[in-house]
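Please look over the sequence and the structure shown here before reading on. The report that follows begins with a single residue and then widens to the whole chain.

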Amino acid sequence: MIQKLSVNNLGPIASIQCNTLGKINLFVGENGTGKTYLLKFIYAIIKCTEQFQRGIERRSLNQLLSDKLFNVFLLSELGELVKKGTSELSTEIKMDAGATLAFSFGISTKQQIQNLHSTIPATNINSIFIPAKEILSLQNVIIRSRGEMFNEKGFDDTYLDLANALMPSYKGRNYEAFSNVRKNLAEALNGRIEFDDTKKEWIFKDSQRRIYNISVTAEGIKKLSVLGALLGNHYLSNQSTIFIDEIENALHPALISKFIEMVYLLAKAGIQFFISTHSYAVIKKLYIIAQREKQAIPVFSLEKEKVQYGNLAEDMPDNAIIRESIKLYEEEIEL
């Protein structure tokens, strides 16, 4: 689990510092303030530490992280990540048991990070990034386009890693919380996805056992079904980190509420979440959970050139989403 985070001069973000990350961490902000940028950046770091010394992997951690940043952000040079008008990007992450990873590079850096230090040990944990857009109907396209014959960069590594992780579910002992969340998902979606071994494609089977091609299944169903598949195929463990970009995308408000309750159950089981949102409903639901469970949920409100820090266990944050919601309420009162 990531305990502390320090990032300076990353893309649109001047600085973000946090010494008290939680099991659920929320990034809120207007378009262009860097929410997705930050999620992808943290994901690239965590994913490369998981790849390091795994199986036949022989690349150094410096090379792994450099390659991951290139493929997550589809860069021409690493220096493109450095905030305009500054000279250097620097980052430090602290994990459980005091393990740390720190690195920096300048705006003129082209191919590889040189200044990197890590005490994070090798691991068999898998983390994942769930993008705003569903990928079930595009899984094969993503894998083929990024294969050795094509290696087209239309889909970045957040999509490729998820496409490769989506294997069919199999029976076997699993974490109780994972099984419970899969049941909750099936009830909320009135069915679940399955992999058709004959056609080699995903299908959606509703509670009446009617079968639908994945391409005509609602996008919200496909998005949530991705989480169900990852819980069912044992790709994730109770030490994984899940990054969810725009958690509300394509979901009805009632389904958002149910989804966030499932996130809380998984967080209680050990999974750490980093979530971005534009939605008042998401913030309000997490606030209710934080108050109800007396659970700290750090919230980072990204605005132009600054970051406001808060904790939903203490209060609702002061950010543009909350202010707009209050403004609309005041307009309604005046009618």
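## A buried glutamate

Glu50 has a relative accessible area of 4% and is therefore buried, since buried means under 20%. Along the chain, Glu50 belongs to helix H1, which covers residues 35-51. When neighbours within four places in sequence are set aside, the residues in contact with Glu50 are Thr123, Ile125, Asn126 and Ser127. This is a predicted model, and what is said here about Glu50 and about every other residue should be read with that in mind.

## The chain as a whole

The protein chain contains nine helices and 14 strands. Its C-alpha atoms fill a box of roughly 60 × 60 × 35 Å when the box is taken along the principal axes. For 335 residues, a compact globule would have a radius of gyration near 20 Å, and because the protein chain has 20 Å, the value agrees with that expectation. Of these 335 residues, 52% count as buried.

How much of the contact pattern joins residues that are at least 24 apart in sequence? Among contacts between residues at least 6 apart in sequence, the share that joins residues at least 24 apart is 66%. As for the surface, the protein chain exposes about 15,800 Å², and carbon and sulfur atoms supply 50% of that area. The protein chain also carries 39 positive and 38 negative side chains, and the centres of these two sets lie 6 Å apart.

## Phe243 and Ile130

Phe243 is part of strand S11, which spans residues 241-244, and with a relative accessibility of 0% Phe243 counts as buried. Not counting residues up to four places away in sequence, Phe243 touches Leu39, Ile42, Tyr43, Ile46, Ile128, Phe129, Ile130 and Phe274. One of these, Ile128, is 115 residues away from Phe243 along the chain, yet the C-alpha atoms of Phe243 and Ile128 are separated by 6.3 Å.

Ile130, another residue that Phe243 touches, lies in strand S7, made up of residues 128-130. Is Ile130 buried or exposed? Ile130 has a relative accessible area of 4%, so this residue is buried. Leaving aside neighbours within four places in sequence, Ile130 is in contact with Leu162, Ile242, Phe243, Ile244 and Asp245. A separation along the chain can also go with a separation in space, for Ile130 and Ile113 are 17 residues apart along the chain and their C-alpha atoms are separated by 26 Å.

## Asn62 and its polar side chain

Asn62 is placed in helix H2, which runs over residues 61-73. With 16% relative accessibility, Asn62 counts as buried, because the value is under 20%. Which residues does Asn62 contact, leaving aside its neighbours within four places in sequence? They are Gln112, Ile113, Gln114 and Leu116. For Ile113, a distance can be given as well, since a polar atom of the Asn62 side chain lies 3.1 Å from the backbone oxygen of Ile113, within the 3.5 Å allowed for a polar contact.

## Ile256 in helix H7

Ile256 lies in helix H7, whose residues are 253-269, and its relative accessible area of 6% means that Ile256 is buried. Not counting residues up to four places away in sequence, Ile256 touches Glu248, Leu251 and Val282. Ile256 and Glu57 are 199 residues apart in sequence, and measuring from C-alpha to C-alpha in the model puts them 39 Å apart in space.

## Two loop residues with positive phi

Ala97 has a phi near 60 degrees, which is a positive value in a residue other than glycine. Ala97 sits in the loop that joins strand S4 (88-95) and strand S5 (100-106). The relative accessible area of Ala97 is 89%, so Ala97 is exposed, the cut-off for this being over 50%.

Asn190 likewise has a phi near 60 degrees, a positive value in a residue other than glycine. The loop that holds Asn190 lies between helix H5 (176-189) and strand S8 (191-196). How exposed is Asn190, and which of the classes does its accessibility give? At 41% relative accessibility, Asn190 counts as partly exposed, because that value falls between the 20% and 50% cut-offs.

Terms used. Residues are numbered from 1 along each chain as its sequence is written. This is a predicted model: local features need pLDDT of at least 70, side-chain atom pairs count only at pLDDT 80 or more; totals for chains, interfaces and linings use all residues. Side-chain values use heavy atoms; hydrogens and water are left out. Helices (H or I, at least four residues) and strands (E, at least two) are DSSP runs, numbered from the N terminus. The radius of gyration is taken over C-alpha atoms; the globule rule is 2.2 Å times the number of residues to the power 0.38. Buried means under 20% relative accessible area, exposed over 50%, partly exposed in between (1.4 Å probe, protein chains only). Contact means heavy atoms within 4.5 Å. Accessible areas come from the Shrake-Rupley method with a 1.4 Å probe; for residues, only the protein chains shown count as cover. Lys and Arg count as positive and Asp and Glu as negative; His and the chain ends are not counted. The place of a charge is taken as NZ of Lys, CZ of Arg, CG of Asp or CD of Glu. A polar contact is a pair of N or O atoms within 3.5 Å; within protein, one must be able to donate a hydrogen and the other to accept it, and residues adjacent in sequence count only if both atoms are side-chain atoms.
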